[in-house]
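Hi everyone, thanks for coming. I'd like to walk you through a structure that's probably new to most of you, so let's put it up on the screen.

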Amino acid sequence: AFNFFWETQNTNESQAGYGLIPDRYHTNSNAIGTVASIASVGFGLTAIPIGVENGFITREEGEERAFKTLESMLKLDRRHGFFFHFMSMTTGARVWESEVSIIDTALFINGALTAGQFFGGRTQKLAEQLYEEIEWNWYYDSAQSRFYMGYWPERGFAGHWDSYAEQLMLYVLAAGSPTYPVGKSAYTRMKLSSTYHSSTENYGAFYSTHTGSIFTHQYSHAWIDFE
């Protein structure tokens, strides 16, 4: 798993897309080297300390990769601190008319903060800068007391995060923001009771989701110990 993030990352320093990582291995025409996901960069940044701790790479190698990745991400197109979901691996430009994504930005910033706290110094400084520039209150629908699900420059906001899924991290990150915080009101509107299932035979159905995917219950827990 570590090798996927380490080996598929764009490490060409002459390209604006340095540091970008695809969110899956190439299985179709959208091959690796073409499209990246900002969420995958967050997992990749998290994998770096794991690689160091397990002796897969040296601390010096990990710190250099993490720092240069964060340095590169600061130069990419963002809206109120949020990244587009999918970008060109080489240019860093938006592709597929993808959304400015709150959840994928959150996945990225979790990894940035993880790497920043692990290495400290210049890497932590960049991670905290990226975090502090995210305007969580811009992505928040105060009338509904919920975060919007997506934003497209062409048509604005659409949908809301309102049930148990991978977005639990949003409430922690937004509440803890030193610059653009959103408090607990967003969390209290989440409809936990309407999505709970008691089935223990099928883990994927322990909580219902639109897709039945297990990842919706794993992503936030990869970084946050809710217990």
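Okay, let's start in the middle of things, where Arg59, Gly62, Glu63, Ala66, Leu70 and Met73 of α3 touch Phe108, Ala112, Ala115, Phe118 and Phe119 of α4. Sort the residues of that contact by class and you get eight nonpolar, one polar and two charged. Before I go further, please keep in mind that this is a predicted model.

So how do these helices sit against each other? α3 covers residues 59–73, and α4 covers residues 102–119. Their axes come within 10 Å and cross at roughly 135 degrees. Anything over 145 would count as roughly antiparallel, and this pair is therefore called oblique. The crossing of α3 past α4 is left-handed.

Now stay on α3 and look at its other partner, α2. Which residues of α2 meet α3? They are Ile38, Val41, Leu45, Ile48 and Val52, and on the α3 side we have Arg59, Gly62, Arg65, Ala66, Thr69, Leu70 and Met73. By class, that contact has eight nonpolar, two polar and two charged residues. If you compare the lists, Ala66 turns up in the contact with α2 and also in the contact with α4. You can say the same of Leu70, which is listed with α2 and with α4.

As for geometry, α2 and α3 pack at an angle of about 160 degrees, and their axes are 9 Å apart. With the cut-off for roughly antiparallel being over 145, α2 and α3 are therefore roughly antiparallel. Their crossing is left-handed.

Let's go along to the next pair, α4 and α5, where α5 is residues 121–132. Here the axes are 7 Å apart and the angle is about 150 degrees, so α4 and α5 are roughly antiparallel to each other. α4 passes α5 in a left-handed crossing as well. From α4, the contact takes in Phe108, Ile109, Ala112, Leu113, Ala115, Gly116, Gln117 and Phe119, and from α5 it takes in Gly121, Thr123, Gln124, Ala127, Leu130 and Tyr131. That makes nine nonpolar residues, five polar ones and no charged ones. Phe108 is worth finding on your screen: it's in this contact with α5, and it also meets α3.

Next, the inside. How many cavities of 30 Å³ or more are there? The count comes to one, and about 40 Å³ of space lies in it. Around the cavity you'll find Phe2, Phe5, Trp6, Gln9, Ile21, Gly44, Leu45, Ala47 and Ile48. Which helix gives the most to that lining? It's α2, with four residues. Both α1, residues 2–8, and α2, residues 38–53, supply at least two residues each. In terms of class, the lining has seven nonpolar residues, two polar and no charged. And you may recognise Leu45 and Ile48: they line the cavity, and they are also on the α2 side of the contact with α3.

Last stop, two spots in the backbone. Trp96 has a phi near 60 degrees, which is a positive value in a residue other than glycine. You'll find Trp96 in the loop between β4, residues 86–88, and α4. Ser145 is another non-glycine residue with a positive phi, near 55 degrees. Ser145 belongs to the loop between β5, residues 140–141, and β6, residues 146–152.

That's the tour, and I'm happy to go back to any of it.

Note on methods:
Residues are numbered from 1 along each chain as its sequence is written. This is a predicted model: local features need pLDDT of at least 70, side-chain atom pairs count only at pLDDT 80 or more; totals for chains, interfaces and linings use all residues. Side-chain values use heavy atoms; hydrogens and water are left out. On a 1 Å grid over the protein atoms alone, a cavity is a set of points where a 1.4 Å probe fits but cannot get out, and a pocket is an open set with protein on both sides within 12 Å along at least five of seven lines; lining residues have an atom within 4 Å of a point. Grid points are joined across faces, edges and corners, and a volume is the space filled by probe spheres set on the points. Ala, Val, Leu, Ile, Met, Phe, Trp, Tyr, Cys and Pro count as nonpolar, Asp, Glu, Lys and Arg as charged, and the others, Gly among them, as polar. Axes are lines fitted to C-alpha atoms, for helices over the stretch in contact, and angles run from 0 to 180 degrees between N-to-C directions. Angles under 35 degrees count as roughly parallel, over 145 as roughly antiparallel, 65 to 115 as roughly perpendicular and the rest as oblique. A crossing is left-handed if the near helix is turned anticlockwise from the far one by less than a right angle, and right-handed if clockwise. Contact means heavy atoms within 4.5 Å.
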